[in-house]
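Student: I am new to this structure. Please take one part and walk me through it closely. Start with the whole chain, so that I can place the part within it.

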Amino acid sequence: MKERIHEYCHQLHLPVMAERWSAMAEYASTHNISYSEFLFRLLEAEIVEKQARSIQTLIKLSKLPYRKTIDTFDFTAQPSVDERRIRELLTLSFIDRKENILFLGPPGIGKTHLAISIGMEAIARGYKTYFITAHDLVTQLRKADQEGKLEKKLRMFVKPTILIIDEMGYLKLDPNSAHYLFQVIARRYEHAPIILTSNKSFGEWGEVVGDSVLATAMLDRLLHHSIIFNLKGESYRLREKRLQQEKQKDQ
């Protein structure tokens, strides 16, 4: 019978139950645990393991460059960030409202960390999230277009519940290719949110994309339903370097 139970568990795709049922049955017998409690514990173990595997898969597919949560963000070092507003975002209510989130400010002050923190929370809740820089997004879509696969590639960027577009403005976009970014923004408009980080003010986007009309069209859709954070302050990396140098002088 043990072999048949093991076989049935695998046929039903219940690997955790296949592995643990025998030991749990023996434990239930010696500790006078009811049948219902025994079954509940088996099912719970299977569900917990399945959820953990699902989260790991979502993290892998997200292409996040690193894993950081809001617990490691130093709000004291970045007073321009309202912690209460960030914590509100972590409820993920903006997903249902189809609101975009834009983090603006100079390099090195935590914009990407905040974006990834929200992405990690979304993944933990089972939402598909995808991360890409603005330059890589345009490059991939241009290549797909040249190969006759543009529509398929566009669907890849439209499908995730949350799309994180990082580093908008760090590199100028090819004017002949910036329209690919517009297509992604337009297709997600009022359907699914974008989290975007940029070191450029909105007034500079025309220069970034090489077309002021196209920049206006992008911003029109991004800002219609949006939550905007304007971050200020000194770069974390530069501050750490400065503190290190000051420490060396004191020694």
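Tutor: Let us begin with the overall picture. The protein chain holds 12 helices and 5 strands. Its radius of gyration is 24 Å, well over the 18 Å that the globule rule gives for 251 residues, so the chain is more spread out than a compact globule. Bear in mind that this is a predicted model.

A few more values for the whole chain follow. Along the principal axes, the C-alpha atoms fill a box of roughly 70 × 60 × 30 Å. Of the 251 residues, 40% count as buried. The accessible surface comes to about 14600 Å². Carbon and sulfur atoms account for 52% of that surface. Now take the contacts in the chain with a separation of 6 or more: 78% of them join residues 24 or more positions apart. As for charge, there are 37 positive and 32 negative charges, and their mean positions are 3 Å apart.

Now for the close look. The part I pick is strand E3, together with the strands that pair with it. E3 covers residues 162–168. How many of its 7 residues are buried? The count is 6 of the 7, so E3 is largely enclosed by the rest of the structure.

Take the partners of E3 in turn. One is strand E2, residues 129–133. E2 and E3 pair in the parallel sense, over 5 bridges. Two of the facing pairs can be named. Thr-129 stands opposite Ile-162 in E3. Phe-131 stands opposite Ile-164 in E3.

Another partner is strand E4, residues 194–198. E3 and E4 also run parallel, and 4 bridges join them. Look for Leu-163 here: its bridge partner in E4 is Ile-194.

Stay with E2 for a moment. In a regular strand the side chains alternate between the two faces of the sheet. Which residues of E2 lie on each side? Thr-129, Phe-131 and Thr-133 are on one side, and Tyr-130 and Ile-132 are on the other. All of these are buried, so both faces of E2 are covered. The count for the strand agrees: 5 of its 5 residues are buried.

Next, follow the chain onward from E3. A loop leads from E3 to helix H9 (178–188), and Ser-177 lies in that loop. Is Ser-177 buried or exposed? It is buried, with a relative accessible area of 2%; the cut-off for buried is under 20%. Residues up to four places away in sequence aside, Ser-177 touches Val-138 and Arg-142.

After H9 comes another loop, between H9 and E4, and Glu-190 lies there. Its phi is near 60 degrees, a positive value in a residue other than glycine. Glu-190 is partly exposed, with a relative accessible area of 42%. That value falls between the two cut-offs, under 20% for buried and over 50% for exposed.

Helix H11 also ties in here. H11 spans residues 212–224 and includes Leu-214. Leu-214 counts as buried, at 13% relative accessibility. With residues up to four places away in sequence set aside, Leu-214 touches Ala-178, His-179 and Phe-182. Where does Leu-214 stand relative to Phe-131 of the strand pair above? The two are 83 residues apart along the chain, and their C-alpha atoms are separated by 23 Å.

For contrast, look at two places elsewhere in the chain. Asn-32 sits in the loop between helix H2 (15–30) and helix H3 (35–62). Its phi is near 55 degrees, again a positive value in a residue other than glycine. Asn-32 counts as exposed, at 72% relative accessibility.

The other place is Cys-9, in helix H1, residues 2–11. Cys-9 is buried, with a relative accessible area of 8%. Setting aside neighbours within four places in sequence, Cys-9 is in contact with Leu-14, Met-17 and Ala-18. Cys-9 and Trp-21 are 12 residues apart in sequence, and 9.6 Å apart from C-alpha to C-alpha.

Back to the chosen part, then. E3 pairs in the parallel sense with E2, and it runs parallel to E4 as well. E3 has 6 of its 7 residues buried. The loop after E3 holds the buried Ser-177.

Terms used
Residues numbered from 1 in each chain as written. Predicted model: local features only at pLDDT ≥ 70, side-chain atom pairs only at ≥ 80, totals over all residues. Heavy atoms only, no water. Helix = DSSP H or I, 4+ residues; strand = E, 2+ residues; numbered from the N terminus. Rg over C-alpha atoms; globule rule 2.2 N^0.38 Å. Buried < 20%, exposed > 50% of the residue type's maximum accessible area, 1.4 Å probe, protein only. Contact = heavy atoms within 4.5 Å. Areas by Shrake-Rupley, 256 points an atom, 1.4 Å probe, with all protein chains shown as cover. Lys, Arg positive; Asp, Glu negative; His and termini not counted. Charge placed at Lys NZ, Arg CZ, Asp CG, Glu CD. Pairing = 2+ DSSP bridges.
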